[in-house]
Amino acid sequence: MTEQVSEQVSEHGAGEHELAAMRRALEIAERGPLTGGNPRVGCVLLDDDGRTVAEGWHHGAGTPHAEVDALAKAGDARGLTAVVTLEPCNHWGRTGPCSEALIAAGVRRVVYGVSDPGAHSAGGAERLRAAGVEVVGGVLAPEIEEFLVCWLASERRGRPWVTVKWAATLDGRAAAEDGSSQWITGAAARQRVHEERAANDAILVGTGTVLADDPSLTARGDGGELLAHQPIPVVVGERALPADAALRRHPAGVIETGSRDLGRILADLNARGLRRVYVEGGPTLVSAIVEGGFADAYSVYLAPALLGGDRLAIGDLGIPSMAGIRRLRLDGVEQLGDDIHLTARDGRSV
Ligand SMILES: NC(=O)c1ccc[n+]([C@@H]2O[C@H](COP(=O)([O-])OP(=O)(O)OC[C@H]3O[C@@H](n4cnc5c(N)ncnc54)[C@H](OP(=O)(O)O)[C@@H]3O)[C@@H](O)[C@H]2O)c1
């Protein structure tokens with residue numbers, strides 16, 4: 001009897017070696033790009049003794065999927081077990097279906113983490129079973145769900161994962177009486193905003209902010225240089241973008257929606273493969289996003305300063321009494337220079 005057959009079954013019918021391989025697959029999945037339309041996936045191929053034969057991960061849209069990457073490195077994969085973080089896909093995109101590649105390579109068993117919710121790509125497990133491959137799913141699923149939360153949410157809901165950001169004084173003001181808001185926070189906090197921009201596919205901004213601040217919304221390093229990934233700015237609102245707006249010179253271009261219909265705008269961005277959206281305000285747009293139930297995560301920068309007045313970071317949310325208070329789940333608190341950076345999550349499951 002082989003070691004794999006006799007080893008202890010630890011989770012959802014996966015053996016100890018397979019569980020360890022799934023942790024490794026999740027680790028290497030992180031090497032893939034955070035942004036872009038595709039999920040970050042890792043795959044480890046094991047032999048019958050639970051030894052790793054090859055590892056693969058998805059390097060980004062248009063490149064081989066994790067399973068195909070691992071199969072290419074393994075050479076002969078007959079009789080192996082594929083441990084993969086996401087259910088192998090079952091569709092022809094820019095590359096062929098991974099379920100077919102695994103079957104063609106003669107893989108004996110497939111252990112996967114979370115099911116593929118994709119309307120076109122799901123069904124890989126079924127296809128593998130139909131071809132006589134042993135299939136086990138759900139291994140390390142909570143960790144992988146969390147790792148892929150943006151992508152899974154975007155697939156399941158047909159709209160991007162939305163992070164709302166604002167900078168405010170301790171008294172919750174996002175601008176002074178004259179509308180100026182540059183800068184409430186210090187250099188370290190503003191640098192973190194640039195990093196957050198670069199970790200998203202698109203930046204949403206209202207026409208009010210474009211007209212007041214003429215922001216460039218590029219993602220820059222601390223020397224002012226452009227970072228490798230530039231999310232595309234999306235202007236929300238009915239007014240036109242001025243001909244000389246800095247956004248017209250953005251290296252990724254600019255999307256002018258001419259609309260306030262957030263549901264439609266977000267669905268359209270999702271359809272373009274823009275799955276992670278960063279909202280940079282101002283207060284009118286932020287309030288509409290939150291009130292509409294579109295905010296998944298919050299990134300709030302608080303400066304130890306006061307402005308007073310009525311230029312609040314967030315406006316009316318239609319909450320008449322404490323019974324309607326929106327409680328968030330605190331994710332992290334960090335001091336950046338003299339400022340505080342708070343991250344929080346909406347409690348809903350996706
Ligand atoms: N501290 C911060 O983090 C921060 C960040 C950004 C801005 N600001 C400050 O905020 C101020 C601008 O505030 P703001 O509230 O006017 O900016 P805004 O939210 O960027 O723009 C408001 C405009 O967006 C349009 N809009 C888009 N979607 C909408 C919706 N669903 N519902 C209603 N209107 C929608 C409307 O214009 P249309 O008529 O074109 O439709 C509206 O007048 C400036 O002083 C700026 O400096 C501060």
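Which residues of helix 11 (residues 283-291) are buried? In this predicted model, they are Leu285, Val286, Ser287, Ile289 and Val290. Their cover includes strand 8, strand 9, strand 10 (232-236), helix 10 (262-271), strand 12 and strand 13. Just past the end of helix 11, glycine 293 adopts a positive phi of about 80 degrees.

Let's turn to the sheet. It is open and built from 8 strands in the order 11-10-9-12-8-13-15-14, with mixed pairing. Strand 11 (255-256) and strand 14 (328-336) are the edges, each pairing on one side only. Further in, strand 9 (residues 202-206) runs parallel to strand 12 (residues 276-279), joined by 3 bridges; there, alanine 202 has valine 277 of strand 12 as its bridge partner.

Helices rest on this sheet too. Helix 7 (residues 149-157) crosses strand 8 (161-169), strand 12 and strand 15 (339-346), at about 120 degrees to strand 8. Helix 8 (residues 187-198) also packs on the sheet, and its direction makes about 165 degrees with that of strand 13 (297-303), one of the strands it touches.

Now for the pockets. The largest holds about 1,200 Å³ of space. Among its 49 lining residues, Thr209, Asp213, Glu280, Gly281 and Gly282 are the closest to the centre. Helix 8 gives the largest share of that lining, 6 residues, and by class the lining has 21 nonpolar, 16 polar and 12 charged residues.

The second largest pocket offers about 650 Å³. It is lined by 26 residues, with Leu34, Cys150, Trp161, Thr163 and Arg276 nearest its centre. Helix 7 returns here, supplying at least two lining residues, as do strand 8, strand 12, strand 13 and strand 15.

Methods
Residues are numbered from 1 along each chain as its sequence is written. This is a predicted model: local features need pLDDT of at least 70, side-chain atom pairs count only at pLDDT 80 or more; totals for chains, interfaces and linings use all residues. Side-chain values use heavy atoms; hydrogens and water are left out. Two strands pair if DSSP finds at least two bridges between them. Helices (H or I, at least four residues) and strands (E, at least two) are DSSP runs, numbered from the N terminus. Contact means heavy atoms within 4.5 Å. Axes are lines fitted to C-alpha atoms, for helices over the stretch in contact, and angles run from 0 to 180 degrees between N-to-C directions. Buried means under 20% relative accessible area, exposed over 50%, partly exposed in between (1.4 Å probe, protein chains only). On a 1 Å grid over the protein atoms alone, a cavity is a set of points where a 1.4 Å probe fits but cannot get out, and a pocket is an open set with protein on both sides within 12 Å along at least five of seven lines; lining residues have an atom within 4 Å of a point. Grid points are joined across faces, edges and corners, and a volume is the space filled by probe spheres set on the points. Ala, Val, Leu, Ile, Met, Phe, Trp, Tyr, Cys and Pro count as nonpolar, Asp, Glu, Lys and Arg as charged, and the others, Gly among them, as polar.
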